[in-house]
Amino acid sequence: MKKIPVGVLGATGTVGQRFLQLLLDHPWFEVTLVAASDRSAGRTLGEAGRWLIGGDMPEQYARMTVRSVDDVGDVPVVFSALPGDVAGATEIAWARAGSFVFSNAGSHRRDPLVPLLVPEVNPDHLDLIPLQRQARGWSGAILTNPNCTTTHAVLPMRPLHDAFGLRKVLLVSMQAISGAGYPGVPSMDIIDNVVPLIGGEEEKVEWEPLKLLGTLGATGIAEASITISAHCNRVAVIDGHTECLSLAFERPPADAEELSAVLREFRAAPQELRLPSAPAAPILVTAAADGPQPRRDRDAAKGMATTVGRVRRCPILDYKLVLLGHNTIRGAAGGSLLNAELAVAQGLIAKG
Ligand SMILES: NC(=O)c1ccc[n+]([C@@H]2O[C@H](COP(=O)([O-])OP(=O)(O)OC[C@H]3O[C@@H](n4cnc5c(N)ncnc54)[C@H](OP(=O)(O)O)[C@@H]3O)[C@@H](O)[C@H]2O)c1
């Protein structure tokens with residue numbers, strides 16, 4: 001198969017560089033365009049900024065000339081890692097010019113015609129794309145992935161909701177500093193500290209799973225009726241979000257092992273379709289008494305799995321557990337890449 005040319009918008013940032021890393025030697029996609037702000041445009045990627053994610057910038061990227069994100073067109077697929085305030089209008093311009101935009105930004109997540117997608121959770125929501133194209137008159141399209149904290153929370157929510165009927169979720173997150181981009185949280189604020197506010201995060205985590213777990217019907221998506229309460233905290237970890245969840249069910253499992261087995265056995269469309277970036281199992285259940293932990297578990301399945309541990313009864317709701325996932329891989333660039341692979345596998349993007 002000839003590779004599909006793709007662009008990365010925000011290629012000088014933390015998530016943009018994760019895209020570049022994951023797209024290196026990808027079997028279906030080839031990066032032919034990198035774009036960022038006017039501060040970087042016209043320079044080579046090597047001149048425009050440092051490689052932020054460890055190791056050296058791959059030579060083939062270092063040589064590429066950065067283009068302005070306002071210079072739209074030329075590629076069938078773009079991955080957007082732009083800040084929310086820039087992404088809104090910019091992504092529409094690329095979709096109008098014919099690109100299929102896979103966005104990490106929050107700007108279009110609430111649009112009823114834009115799928116908010118995690119391929120294991122709601123692959124059927126891809127059916128919104130033809131409706132979006134028809135209503136907006138775009139030859140391209142926009143598809144978003146959720147916030148990084150939501151992504152890792154909703155992966156176990158999917159099989160638990162199907163098996164036991166989720167009613168309530170209390171979620172406390174301990175989020176890595178790479179989630180704030182580069183240079184992110186000032187060192188004087190985060191070293192020796194916990195910051196109990198991440199602007200807008202709790203609202204996203206309380207709402208996005210309802211769209212993701214919602215049902216697509218003739219008139220759009222009917223949101224799931226689950227009550228979620230989130231406390232989101234920034235902690236002094238570089239990569240990997242940890243989340244403590246308490247859960248109430250309509251039909252609670254008999255014991256923690258029944259709940260764990262549902263998570264362990266969960267497989268979905270990406271595994272059945274053998275998508276190139278799909279983890280063999282999207283949820284790993286660790287037996288470690290003190291797990292999961294960021295340094296130990298964030299790179300599980302190349303950063304594409306969510307690791308769950310400490311499944312036990314909750315004296316207030318029914319059960320509680322701890323989960324952990326990589327925020328810039330499955331929580332951002334890797335999640336978006338898996339969305340694009342699903343769109344190709346479902347025939348929404350022509351193979352090269
Ligand atoms: N980090 C995470 O864990 C994570 C997880 C999920 C979703 N996200 C979302 O992903 C997006 C990118 O986040 P990030 O952490 O990668 O941010 P970042 O490190 O700050 O990078 C931002 C990128 O956007 C470009 N940019 C900034 N202002 C621009 C402008 N006015 N016009 C055009 N380009 C502009 C920057 O280019 P220059 O270098 O030229 O300024 C850079 O390439 C955000 O929407 C964020 O909410 C992040």
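**Aromatic pairs.** I count rings of Phe, Tyr and Trp (its six-membered ring) as a pair if their centres lie within 6.5 Å, with planes under 30 degrees apart called stacked, over 60 edge-to-face and the rest tilted. By that rule I find 5 aromatic pairs in the structure. I looked up one of them: the ring centres of Phe-29 and Phe-79 are 6.0 Å apart and the planes stand at 80 degrees, so this pair is edge-to-face. Phe-29 belongs to strand E2 (residues 29-36) and Phe-79 to strand E4 (residues 77-80), so the pair ties together parts 50 residues apart in sequence. I take helices (H or I, at least four residues) and strands (E, at least two) as DSSP runs, numbered from the N terminus.

**Basis.** I note that this is a predicted model, where local features need pLDDT of at least 70 and side-chain atom pairs count only at pLDDT 80 or more, while totals for chains, interfaces and linings use all residues. Residues are numbered from 1 along each chain as its sequence is written, and side-chain values use heavy atoms, with hydrogens and water left out.

**Ligand shell.** I list 27 residues around the ligand (a heavy atom within 4 Å of it). Thr-12, Ser-37, Arg-39, Ser-40 and Leu-82 come nearest. I sort the shell into 12 nonpolar, 14 polar and 1 charged; Ala, Val, Leu, Ile, Met, Phe, Trp, Tyr, Cys and Pro count as nonpolar, Asp, Glu, Lys and Arg as charged, and the others, Gly among them, as polar. Helices H1 (14-23), H4 (84-96) and H12 (329-345) each give at least two residues to this shell.

**Distances to ligand oxygen.** I looked up three residues. Thr-12 has a polar side-chain atom 2.5 Å from an oxygen atom of the ligand. For Val-15, a polar backbone atom is 2.8 Å from a ligand oxygen atom. A backbone N or O atom of Gly-181 is 3.4 Å from an oxygen atom of the ligand. The ligand taken alone exposes 910 Å², of which the protein buries 79% (Shrake-Rupley method, 1.4 Å probe).

**Backbone.** Which residues does the cis peptide bond with omega about 0 degrees join? I find Tyr-182 and Pro-183, with Pro-183 in the loop between strand E7 (166-175) and helix H7 (187-190). I also find a cis peptide bond from Gly-291 to Pro-292, with omega near 5 degrees. Asp-25, not a glycine, has a positive phi of about 60 degrees and lies in the loop between H1 and E2.

Terms used: A polar contact is a pair of N or O atoms within 3.5 Å; within protein, one must be able to donate a hydrogen and the other to accept it, and residues adjacent in sequence count only if both atoms are side-chain atoms.
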